[in-house]
Amino acid sequence: ADTVSIATLQDWIIRFGAAVAEKREWLTELDSAIGDADHGANMARGMSAVTEKLAASAPAAADDLLKTVGMTLVSSVGGASGPLYGTFFLRMGMTTGAVQDLDATGLAAALRAGLEGIVARGKPEAGDKTMFDAMSPAVDALDAAIAGGADLAEATQAAAVAAATGRDATLPLVARKGRASYLGERSAGHLDPGAASTTLLFETLAAAIAA
Ligand code: ADP
Ligand code: MG
Ligand code: MG
């Protein structure tokens, strides 16, 4: 398909919730190495609240859906990741407007706005060893694929691959933002937990669009 319906966006969110629940132990393990061992619990709690919220009320439009996701994450996740992912979805919703479908350009613009929201909130830069290091290459890859004529399935798959590559590239980095930065040089040699959950975000987007 060349558009993403609100049902597909909702399927993405549900799939992301299932993925963080399934990978909860792994995300927590990653955060126990360089943080406070709660990233799996934070994401699983937040996305389970989101899933319940969506089951209770069918959002009428894309902005409604994305803003509900964002507000629920901000209010249900205490850690750094709650406000960061919350801002991501809120900014996405502010960008789509009250539409039923997004075309490739509309989806890319919304994801870019979400990324910019994270930058405004957390001030991450490339190589700081954060979720930005998976998300920024993913959004760039999506733009490049669309500019090159790829369809939505191909473009989101390219974004997922770029996110995973960005996640893996956090391994040797010394963290410069968030709790992991307190460890200094000792943060090197571990994957960033937020980059790991962000990779799940783009993998589930590609899966929802391919479904
Ligand atoms: P907390 O660190 O409060 O326990 P989480 O463990 O849920 O929160 O999330 C940690 C993740 O948040 C990190 O792995 C990193 O990817 C991300 N993060 C932390 N601070 C920032 C920041 N300033 N900018 C971008 N991402 C950040
Ligand atoms: Mg943590
Ligand atoms: Mg914490």
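UniProt positions are given in the numbering used here, feature names are shortened, and annotations may be inferred rather than shown by experiment. This is a predicted model, in which local features need pLDDT of at least 70 and side-chain atom pairs count only at pLDDT 80 or more, while totals for chains, interfaces and linings use all residues. Residues are numbered from 1 along each chain as its sequence is written, and chains are lettered from A and ligands numbered from 1 in the order in which they are written.

**View 1. The annotated domain.** UniProt, in an unreviewed entry, lists residues 7-207 as "domain: DhaL". This span is 71% helix and 1% strand (DSSP runs, numbered from the N terminus: helices are H or I of at least four residues, strands E of at least two). Its end C-alpha atoms lie 13 Å apart.

**View 2. The surroundings of ligand 1.** Around ligand 1 there are 24 residues (C-beta atom, placed from the backbone, within 6 Å of the ligand). G79, S81, G122, G178 and G194 come nearest. Two or more residues each are given by helix 3 (39-56), helix 5 (81-96), helix 6 (104-122) and helix 9 (193-210). Helix 9 gives the most, with 3 residues.

**View 3. The buried side of helix 2.** In helix 2 (residues 24-34), L27, T28, L30, D31 and I34 are buried (20 or more other C-beta atoms within 10 Å of the residue's own, with C-beta atoms placed from the backbone). They lie on the same side of helix 2 because they cover an arc of only 160° around the axis (taken from the directions from the helix axis to the C-beta atoms).

Definitions and conventions. A residue is buried if 20 or more other C-beta atoms lie within 10 Å of its own, exposed if 12 or fewer, and partly exposed in between; C-beta atoms are placed from the backbone.
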